[in-house]
Amino acid sequence: MRQSHTTQDARIELSSRIVVAKALKDLSWEQLAEGTGLSLSYVTAALLGQHALPKAAADLVCDRLGLDAADSANLQTIPLRGSIPGGIPTDPTIYRFYEMIQIYGTTLKALVHEKLGDGIISAINFRLDIQKVADPDGGERAVITLDGKFLPNKPY
C-alpha cells in the first residue's frame, strides 16, 4: 500500500544518512542511480527527499549504501516536497538559482505565455539535465535543461 509522509523530518534524517553513506563508500550520484532505470536527476532528488522511489530502485540504492529495509520503505514513501525552508536561500549555489529567477523570472513567464498560452510548466511531469561544456572563452559552463510539460489554464 502506498504511504505518504506528513512532515519532512523522516526524509531529512534519511537524506543526511544517505549523504554520509555515499561519502564513506566514495560513491557518486551516478553510481547510485545506475541500474535503477531512472534518470540521474530523479534518483538524486529522491535520495535528497523530493521523490518516492519504486521498490526495486529503493532496494538497489539501499543495498549499495548499506541501508536497511526500513530505509528502503522510507524511500518508497511519498514525501512532503520542498527543500528550501524559510525564505531566501543562503547556500550560494541555490541562491544563484534564486537570483536567476529574480532576474529572468518575468522574462521566462512572458516568453512561455507568448509561445504556449496561459498555463504553467509542470514540475511533476518534468525532466532535468545538467551538462558540463567547455567555454570558448576558457573554463567551463553549466548547461541546465528544465523540461516540463505545459499545462494550459482551462476556464471553467
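I take contact to mean heavy atoms within 4.5 Å, and with that cut-off I looked up Leu 67 in this predicted model. Leaving out residues up to four places away in sequence, I find that Leu 67 touches Leu 14, Arg 17, Ile 18 and Cys 62.

**Confidence.** Before reading further I checked the scores, and the protein averages a pLDDT of 93, with 100% of the residues at 70 or above. Taking the elements of the protein in turn, I noted the lowest mean pLDDT, 92, for helix α6 (residues 92-116) and the highest, 98, for helix α4 (residues 55-65).

**The core.** I then turned to the largest nonpolar core, which has 16 residues, and the members that touch the most others are Ile 18, Leu 47, Leu 53, Leu 65, Leu 67 and Leu 75. At least two residues of this core come from each of α1, α2 (29-33), α3 and α4, and α4 gives the most, with five residues.

**Helix α5.** Which residues of helix α5 (residues 69-76) are buried? I list Asp 71, Ser 72, Asn 74 and Leu 75. Looking down the axis of α5, I see these buried residues within an arc of 160 degrees, so they line one face of the helix. Ala 69 and Ala 70, on the other side of α5, are exposed. I also asked what covers the buried residues of α5, and the cover includes α1, α3 (40-47) and α4. At the start of this helix I noted that a side-chain oxygen of Asp 68 comes to within 3.1 Å of the backbone nitrogen of Ala 70.

**His 5.** My last entry concerns His 5, which lies in the segment before α1 (9-24). Is His 5 buried or exposed? I count His 5 as buried because its relative accessibility is 16%, and the cut-off for buried is under 20%. With neighbours within four places in sequence left aside, I find His 5 in contact with Ala 10, Arg 11, Asn 74, Thr 77, Ile 78, Pro 79 and Leu 80. One of these, Asn 74, is also among the buried residues of α5, and its side chain makes a polar contact of 2.7 Å with the side chain of His 5. For a distance along the chain I took His 5 and Lys 22, which are 17 residues apart in sequence and, from C-alpha to C-alpha, 24 Å apart in space.

How values were computed. Residues are numbered from 1 along each chain as its sequence is written. This is a predicted model: local features need pLDDT of at least 70, side-chain atom pairs count only at pLDDT 80 or more; totals for chains, interfaces and linings use all residues. Side-chain values use heavy atoms; hydrogens and water are left out. pLDDT is the predictor's confidence in each residue, from 0 to 100. Helices (H or I, at least four residues) and strands (E, at least two) are DSSP runs, numbered from the N terminus. Buried means under 20% relative accessible area, exposed over 50%, partly exposed in between (1.4 Å probe, protein chains only). A polar contact is a pair of N or O atoms within 3.5 Å; within protein, one must be able to donate a hydrogen and the other to accept it, and residues adjacent in sequence count only if both atoms are side-chain atoms. The arc is that of the directions from the helix axis to the C-beta atoms. A nonpolar core is a set of buried Ala, Val, Leu, Ile, Met, Phe, Trp, Tyr and Cys residues joined through side-chain atoms within 4.5 Å.
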